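Visitor: I am new to this structure and would like a close look at a single part of it. Please take me through that part slowly, and then show me how the rest is laid out around it.

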Amino acid sequence: MNRKSSVALRRAERDLAHAQEASLLESVRLRPVISVSNLSKTYASGFHALKNINLEVRRGEIFALLGPNGAGKTTLISIICGIVNPGEGTVLADGHDIVTEYRAARFKIGLVPQELTTDAFETVWDTVSFSRRLFGRRANPGYIEKVLKDLSLWDKKDSKLITLSGGMKRRVLIAKALSHEPEILFLDEPTAGVDVDLRREMWQLVRALRASGVTIVLTTHYIEEAEEMADRVGVISEGELILVEDKAELMHKLGRKRLILQLKGPLERIPSALAAHTLELAADGHELVYTYDPQDERTDITALLGDLNEAGIRFKDLRTKQSSLEEIFVSLLRETRR
Amino acid sequence: MNLHAVQAIYRFEMARMARTLLQSIVSPVISTSLYFVVFGAAIGSRITEIGGVSYGAFIVPGLTMLMLLTQSVSNASFGIYFPRFSRTIYEILSAPVSYFEVVLGYVGAAATKSIILGLIILATASLFVPLEIAHPVWMLVFLLLTAVTFSLLGFIIGIWADNFEKLQLVPLLIITPLAFLGGSFYSVDMLPPFWQTVTLFNPVVYLISGFRWSFYDIADVSVGASLAMITVFLGLCLALVGWIFKTGYRLKA
């Protein structure tokens, strides 16, 4: 082989190696960061908490698990984080099985629990440094300082946990979860029982975390929270994952409202002049209910009221009602079972 | 092996002892001194010596053992019970640590505490009575084995207990009586023959006897039997801890 061709061969080999490396990186980037397959869980009491859950969380997204209390949200994330034994099925965290490769899997994960469970007499600095080392990282005061400053906890670093307010304790739990630089952060009901200001602060914080490259899975039973934060939403009810959808899609589905008009006199049926509107009679003809989607451009309440006026229908009061989460879950469940 | 984690748990537990220094160190020392005053001085004036050893000196190993057993159990049981009670245990369960590492951290700290305590008690005792140690290495071996074994037992109790009463139950109702009846304050051969036989079923007899042998070269039972007994007990505790973690008993649903 002459010198020229051997140089060309070497170059080709090098290019191939680069290409392989790039495609490997790309496949890692595209690989779901959490992958749950056929996961079921029955507690010793016989309670069937999770039923055949399949879920993939994408790298870098904010994923909200939405569901009423007792739906299985906490069980699901507790299994992924290693606090509850999995029943059947497998869970991979960044490609690592949470049972057989629990060290690698858990190293990637930070968990902020729902309850404010902290020690009492430890200082903020000590408890956050403890978490970092517990997760196998060498002490790094510089990083802990950054985390505490980001969470506005720096001036409290020497305070004992027992002296902190609920909101601050919540932030300490977040600092503990972030102390070992996880790639995936689980937030279990981060804003349950938190006042409005703090909730907004929390949302900002979560967005900032996502911007830094952390994948975030949060559970909530507030629709507005999912709406505010999430890229995608999973709805869980009675242990079943009813749907996983893009937020925009879901909001469209969940965004229905009802306008309830209390009539001065009862109606026997809806006059044909009003057939163009989606109306129903309720309360023995004493109420007229208009169901609409506020985001839909075809919705025209002015036209409806005008038509009512023309038809001589008078009303003494009106109210609007957003479908409650409970109702939405029930209807979603009904739809998926159909 | 996640040594950072073992170290973190160990230091956390040792810091807890430092915070409760008065309770952890001072109170056992005071109660041991009281035993010396009551048993050593009052009874010692009636029983002058046992097996060629003055009564005051004779009770030192038994008293040390009594404190070592109760303190190992209560330190270790509280150490693991409290995170369960306050539910901060979630962090340990979600961390990349093996069960062995968790036990090493908690039990290691509890055993260290009780060994420090044992040495302090011996130092306190030396103020009251002349102390001689015939087999210092064996003395340390017995001290270490007993501290580790009973810290493991304490760890098991801390996992089993689901309220504070249960936590106190075993040290109070089992460990202390066994230690009192295990020859802390007397030699087994001072008992009537029937009770001598009954006493042989008390595992603590073997610990105290072996420990006393390391001081004065006198023993109620053979040193081999003492060592065998504590090894068996250690093995039992290890097996039980292994089972707890394997099944997640009272830790994981």
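Which residue in strand 2 of chain A does A:S35 stand opposite?

Guide: Please keep in mind throughout that this is a predicted model. In strand 2 of chain A, the residue that stands opposite A:S35 is A:E56, and this pair belongs to the part I would like to dwell on, the pairing of strand 1 (residues 34-42) with strand 2 (residues 48-57) of chain A, which is antiparallel and runs over six bridges. The two strands form a hairpin with five residues between them, and in that hairpin A:G46 takes a positive phi near 95°. Strand 1 of chain A also pairs with strand 4 (residues 88-93) of chain A, again in the antiparallel sense, over five bridges. In that second pairing A:S40 has A:E88 of strand 4 of chain A as its bridge partner.

To place these strands in the chain, it helps to turn to the domain assignment, which divides chain A into domain 1 (1-30), domain 2 (35-249) and domain 3 (256-322). Measuring between C-alpha centres, domain 2 of chain A and domain 3 of chain A lie 44 Å apart.

Helices come next. The axes of helix 4 (residues 124-134) and helix 6 (residues 166-178) of chain A come within 7 Å and cross at roughly 30°, and helix 4 of chain A passes helix 6 of chain A in a right-handed crossing. On the side of helix 4 of chain A the contact is made by A:V124, A:T127, A:V128 and A:S131, while helix 6 of chain A brings A:V172, A:A175 and A:K176. Sorted by character, the residues of this contact divide into four nonpolar, two polar and one charged.

Finally, there is an open sheet of four strands in chain A, with antiparallel pairing and the order 12-13-11-14. Strand 12 (279-282) and strand 14 (315-322) of chain A stand at its edges, and because each has a single partner strand, one side of each is left without a neighbour in the sheet. Neighbouring strands of this sheet are turned against each other by 25° on average, direction ignored. Within the order just given, strand 11 (residues 257-263) and strand 13 (residues 287-292) of chain A run antiparallel and are joined by six bridges, and the bridge partner of A:Q262 in strand 13 of chain A is A:E287.

Definitions and conventions
Residues numbered from 1 in each chain as written. Chains lettered and ligands numbered in written order. Predicted model: local features only at pLDDT ≥ 70, side-chain atom pairs only at ≥ 80, totals over all residues. Axes fitted to C-alpha atoms, helices over the stretch in contact; angles between N-to-C directions. Left-handed = near helix turned anticlockwise from the far one by under 90°. Contact = placed C-beta atoms within 7 Å. Nonpolar A, V, L, I, M, F, W, Y, C, P; charged D, E, K, R; others polar. Domains from an automatic or database assignment. Pairing = 2+ DSSP bridges.
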